[in-house]
Amino acid sequence: MDEVFKALADPSRRRLLDSLNARNGQRLTELCAGLDMARQSVSKHLAVLEAAALVTTIRRGREKLHYLNAAPIQEIADRWIHHYDRRRVEALADLKQALEAPMGEPAFVYTTFIETTPEKLWQALTEPAFTRRYWGIAFEADWQPGSTMVWEQDGHRVTDPEQVVLEADPPRKLAYTWHTPTPEWAALNGIEDDVRAVLAAESRSRVTFEIEPYGATVKLTVVHDGFPTGSTMRTMVSSGWPHLLSDLKTLMETGRPMPKVPAEAWSS
C-alpha cells in the first residue's frame, strides 16, 4: 500500500493516470504526447505506477498498451472506508466508480495479486467446486481449445455452439468466449427483456485470464474485450468483475467467500 500512496503523490504520475482515465489502452508515444516530459521520464513514471499496480500493460503484437488498474483503489476503500464520514465515503466511491467505468476503449483490464499458487488459481477458475463458491456458476468443459462450454447457474444451463474455449495453457493462460444472453439467463438474473435484446444483438465478447508468479503471490490479469462501440455488456462486466475478483481473492486467501455478487452488480 505504501507504493500506491508514493506513486499517487507525484503530480506527473497523477497526470498519467488522468490521461489513462480519459482514454485507456494507450501506447508510450501517445502518453508522451500529452505531457511536457521526455520519453525516458514518462517511462520511469510508468514503471513506478506499474510497480504499484496502478497501471497494467498488455502486449498486442509489437505494441505495448497501458491500462489504468482500479484494484489498488478498491483495496484502499475496503481497508479504510469505515473510518471516513459519509461525505468522504461518497467522494471515494465516486473515484472508484470513475476508475472502473468504461474509458473509451473496448477492453476491460483488471489486475490483482493473490496469495496462492498458479496451479490453485487455475483450479479456482475452472473447477465447479470453486467457481460455484465465489461466482455462483459452474462450467461444463474439457478445457481444450475449440471445445464448447456450458454455463450452469442454479440448475439452468446456457448452451451455444459459439461458447467455446479459445486458449488453455495451464496454469498460465485461459481464454474463452462470453456466455449467451438467453431469455432464461436474463430472467434468472433480473435482466429486463429490452436490455437482454440489446445484449443479444451485440457481437460476442471474450475474456482472458493471464496468471504469473509474482514473488510469494500470483499476479492475475483479466482482459475482457471484443466489445462493440457503446456496448451494454461492457458496462455490465466493468461493474461486475471488480466485485467478483475481490471475492475470488478473499476465497483463495481466507477460505471464505464474500457475500455473493448480486445480479444488479453486473447490470448497473
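Where does helix 11 bend, and by about how many degrees? This tour of a predicted model begins with that helix and then moves through the chain.

**Stop 1: helix 11**

Select residues 232-254, which form helix 11. The bend lies at G240 and amounts to about 30°. A proline, P242, follows G240 within four residues. From its first C-alpha to its last, this helix of 23 residues reaches 34 Å, close to the 33 Å expected at 1.5 Å a residue.

Next, display the side chains at the start of helix 11. A side-chain oxygen of S231 comes to within 3.2 Å of the backbone nitrogen of M233. Then go to the other end: just after helix 11, G255 has a positive phi of about 85°.

**Stop 2: the whole chain**

Zoom out to show the protein chain, which contains eleven helices and ten strands. Of its 268 residues, 47% are buried. Among contacts with a separation of 6 or more, 60% are made by residues 24 or more positions apart. If a surface is displayed, the exposed area is about 13,500 Å², and carbon and sulfur atoms supply 50% of that area.

**Stop 3: helix 2**

Select residues 11-22, the twelve residues of helix 2. At 1.5 Å a residue they should span 16 Å, and the end C-alpha atoms are indeed 16 Å apart. At the start of this helix, a side-chain oxygen of D10 reaches to within 2.8 Å of the backbone nitrogen of S12.

Colour S12, R13, L16, L17 and L20, which are buried. Viewed down the axis of helix 2, the buried residues fall within an arc of 145°, so they line one face of the helix. D18 and A22, on the other side of helix 2, are exposed.

What do the buried residues of helix 2 pack against? Add helix 1 (2-8), helix 3 (28-33), helix 4 (39-51), strand 1 (55-60) and strand 2 (63-68) to the selection, for these are the packing partners.

**Stop 4: helix 4 and the residue after it**

Keep helix 4 selected. Its 13 residues should span 18 Å at 1.5 Å a residue, in agreement with the 18 Å between its end C-alpha atoms. The buried residues here are V42, H45, L46 and L49. Down the axis of helix 4 they fall within an arc of 100°, so they too line one face of the helix. Q40 and K44 are exposed on the face of helix 4 turned away from the buried side. The buried residues of helix 4 pack against helix 1, helix 2, helix 3, strand 1 and strand 2.

Just after helix 4, select A53. This residue is in the loop between helix 4 and strand 1, and its phi is near 65°, a positive value in a residue other than glycine. Is A53 buried or exposed? Its relative accessible area is 10%, and a residue under 20% counts as buried, so A53 is buried.

**Stop 5: two further loops**

Most residues other than glycine have a negative phi, and most peptide bonds are trans. The next two selections depart from that pattern.

Go to W143, in the loop between strand 4 (138-140) and strand 5 (150-153). W143 has a positive phi of about 60° although it is not a glycine. With a relative accessibility of 14%, W143 counts as buried.

Then select P170 and P171. The peptide bond from P170 to P171 is cis, with omega near -5°. P171 belongs to the loop between strand 7 (165-169) and strand 8 (173-177).

**Stop 6: strands 3 and 9**

Select T112 in strand 3 (residues 108-114). T112 counts as buried, at 5% relative accessibility. Show its surroundings: leaving aside residues up to four places away in sequence, T112 touches E75, V218, K219, L220 and K249. T112 and V218 are 106 residues apart along the chain, yet their C-alpha atoms are separated by 8.4 Å.

Finish at P213, in strand 9 (residues 206-214). Is P213 buried or exposed? P213 has a relative accessible area of 63%, and over 50% counts as exposed, so P213 is exposed. Draw a C-alpha to C-alpha distance from P213 to T116: the two residues lie 97 apart in sequence and 9.2 Å apart in space.

Technical notes: Residues numbered from 1 in each chain as written. Predicted model: local features only at pLDDT ≥ 70, side-chain atom pairs only at ≥ 80, totals over all residues. Heavy atoms only, no water. Helix = DSSP H or I, 4+ residues; strand = E, 2+ residues; numbered from the N terminus. Expected span 1.5 Å × (residues − 1). Bend = angle between axes of the 7 residues up to and from the residue. Polar contact = N/O pair within 3.5 Å; in protein donor to acceptor, adjacent residues only side chain to side chain. Buried < 20%, exposed > 50% of the residue type's maximum accessible area, 1.4 Å probe, protein only. Contact = heavy atoms within 4.5 Å. Areas by Shrake-Rupley, 256 points an atom, 1.4 Å probe, with all protein chains shown as cover. Arc of directions from axis to C-beta.
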